[in-house]
Amino acid sequence: MAIVAGIDSSTTRTRIVACDADTGAVLRDGRAPHPVQEGPDARATETDPQNWLHSLGEAATGGLLESVRAIGVSAQQHGLIGLDAGGVLVRPALLWNDPRSAGSAAALIDALGGPEPWVRAIGSVPAPTYTIAKLRWLADHEPVSAKRIAEVLLPHDWLVWQLLGHPKRRTTDRGDASGTGYWSPVTGEYRQDLIELALGHQLRVPDVLAPNEPAGHTPEGLLISAGTGDNMAAALGLGLTPGDAVVSLGGNGTVFAVHDQPVVDPTGAVSSFADATGHHLPMVGTLNAAQVLRSMAGILGTDLAGLSELALQSTPGSYGMVLLPYLDGERTPKLPSAAGTLTGLRAESMAPQHLARAAVEGMLCNIAEALDVLRAQGVPLRRVFLLGAVGRLAAVREIAPLLFDLPVVIPPAGDYAARGAARQAAWALAGTVEPPHWELQEAVTVEPDQYHSAAVGKAVRQQYATIRVQTHPETA
């Protein structure tokens with residue numbers, strides 16, 4: 001039995017799984033937090049990338065990688081590790097969640113003539129998270145460092161390079177490259193002109209590997225696969241195929257689907273990413289997801305489990321109450337300055353159970369509309385995988401199929417990005433055309449008609465949409 005390992009280096013920790021290369025069964029696993037940044041200038045949005053190696057070493061203790069023949073690496077997307085001409089780190093790595101590049105992203109959009117030229121160039125409109133926005137921020141705020149940077153690696157690129165012993169060749173994969181803002185998943189090419197627009201000069205860029213192409217071997221002979229970004233690795237770990245969508249309910253909502261061709265959305269609502277299998281991963285983001293339920297639970301003096309229990313005591317439509325869950329503004333629909341709105345308050349509706357259900361329905365209606373954005377761009381959807389602790393709440397499991405009008409798959413809790421990295425390692429080790437088939441054990445599928453008819457879900461969606469348009473006519 002061959003054993004492969006997957007490493008996922010997230011914003012805060014490293015997770016490792018060792019798996020049977022044929023079946024995907026997890027044999028061993030480990031995790032460790034990234035070291036805490038210290039000092040008066042420490043920021044949560046930048047770090048010394050050596051910290052990732054320290055965390056990796058801690059996570060791999062106890063013989064976790066013993067007998068492993070191949071390793072795959074997943075990591076947080078959109079980061080920036082700037083190296084000089086000699087391969088020396090210029091400054092601490094900038095992480096995806098650095099808010100300082102928001103103005104830089106807006107300036108870049110204007111510099112190219114607005115959103116549409118960007119969509120034509122790279123399939124997406126650069127968000128503040130994108131690597132290219134960080135390049136522009138460096139050029140504007142740290143010009144000395146910016147001039148020294150000769151190449152940029154993403155977090156997974158850098159980890160692969162470290163594991164291989166610093167070879168001359170730098171590599172990446174099409175999934176992670178598609179989140180830089182200067183590689184196009186439509187043409188499969190880098191745009192050095194966009195790099196120069198952001199940074200003021202061109203860069204050495206990593207070679208983009210094929211999905212099953214190894215990045216190389218360690219000095220000890222261990223195969224290292226191409227690696228990829230965390231969302232792409234999660235899709236691979238879940239075994240998604242075209243028509244499958246993921247709804248990840250964290251602090252923000254992330255909605256993406258595997259599609260057989262790139263999506264070019266002139267409005268910029270859809271980010272056109274590539275996946276880790278040779279397909280594409282169009283993505284829509286919302287600013288409001290799990291926090292909507294946490295906030296309502298706080299108002300009602302309960303926790304998430306209590307909120308879920310209350311919501312199931314109400315009925316579809318929440319007795320006419322509708323919550324527009326734009327607590328932090330909203331990205332989809334584009335309402336950056338909006339606030340949340342609760343309507344339909346009547347004597348008979350002002351009860352804890354109806355407030356709880358209005359929160360769940362409001363959050364999920366907003367997500368359902370994000371799924372509709374993908375459908376409007378020709379992305380067929382046949383089922384939805386629901387991720388995150390909030391997705392496992394009983395009320396969310398019951399109401400989501402009703403509002404999405406699709407079967408909803410609830411996978412067991414697991415490190416799917418690390419599992420996807422391990423599956424990619426098994427694929428590169430086998431050298432096959434398609435990745436190995438790994439069964440997703442213990443997943444539960446809830447059909448949309450298991451609890452209510454499609455007509456009921458449609459009525460709840462219509463009630464929500466009516467209030468949205470009345471409150472925000474620009475979304476009609």
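**Exercise 1. The seven-strand sheet**

Task: In this predicted model, work out the order of the seven strands in the open sheet, and find which strands stand at the edges.

Solution.
- Step 1. Trace the sheet from one side to the other. The order is β18-β19-β17-β16-β22-β23-β24.
- Step 2. Check the directions. The pairing is mixed.
- Step 3. Look at the two ends. β18 (271–274) and β24 (444–446) each have a single partner strand, so one side of each lacks a neighbour in the sheet.
- Step 4. Add the twist. From one strand to the next it averages 25°.

**Exercise 2. Pairs within the sheet**

Task: Find how many bridges join β16 to β17, β17 to β19, and β18 to β19. Name a residue pair for each.

Solution.
- Step 1. Recall the background. Strands of a sheet pair through backbone hydrogen bonds, either parallel or antiparallel.
- Step 2. Take β16 (residues 244–249) and β17 (residues 253–257). Five bridges join them, and they run antiparallel. V247 stands opposite V255 in β17.
- Step 3. Move to β17 and β19. They pair over four bridges, in the antiparallel sense. Here F256 stands opposite M283 in β19.
- Step 4. Finish with β18 and β19. These are antiparallel too, with four bridges. F273 has L281 in β19 as its bridge partner.
- Step 5. Inspect the link between β18 and β19. They form a hairpin with five residues between them. G278, in the turn, has a positive phi of about 105°.

**Exercise 3. Strand β19**

Task: Decide whether the residues of β19 are buried or exposed, and sort them by the way they point.

Solution.
- Step 1. Apply the cut-off: buried means under 20% relative accessible area.
- Step 2. Count. Seven of the seven residues of β19 are buried, so the rest of the structure largely encloses this strand.
- Step 3. Recall the rule. In a regular strand, side chains alternate between the two faces of the sheet.
- Step 4. Sort them. H280, P282, V284 and T286 point one way, while L281, M283 and G285 point the other way.
- Step 5. Look for a covering helix. Helix α9 (residues 230–238) lies across β16, β17, β18, β19 (280–286) and β22 (383–387). It runs at about 115° to β19.

**Exercise 4. The whole protein**

Task: Test whether the radius of gyration agrees with that of a compact globule.

Solution.
- Step 1. Set the expectation. For 476 residues, a compact globule would have a value near 23 Å.
- Step 2. Compare. The protein has 22 Å, which agrees.
- Step 3. Add the burial. Buried residues make up 57% of the 476.
- Step 4. Add the spans. The C-alpha trace covers about 70 × 55 × 45 Å along its principal axes.

How values were computed. Residues are numbered from 1 along each chain as its sequence is written. This is a predicted model: local features need pLDDT of at least 70, side-chain atom pairs count only at pLDDT 80 or more; totals for chains, interfaces and linings use all residues. Side-chain values use heavy atoms; hydrogens and water are left out. Two strands pair if DSSP finds at least two bridges between them. Helices (H or I, at least four residues) and strands (E, at least two) are DSSP runs, numbered from the N terminus. Axes are lines fitted to C-alpha atoms, for helices over the stretch in contact, and angles run from 0 to 180 degrees between N-to-C directions. Contact means heavy atoms within 4.5 Å. The radius of gyration is taken over C-alpha atoms; the globule rule is 2.2 Å times the number of residues to the power 0.38. Buried means under 20% relative accessible area, exposed over 50%, partly exposed in between (1.4 Å probe, protein chains only).
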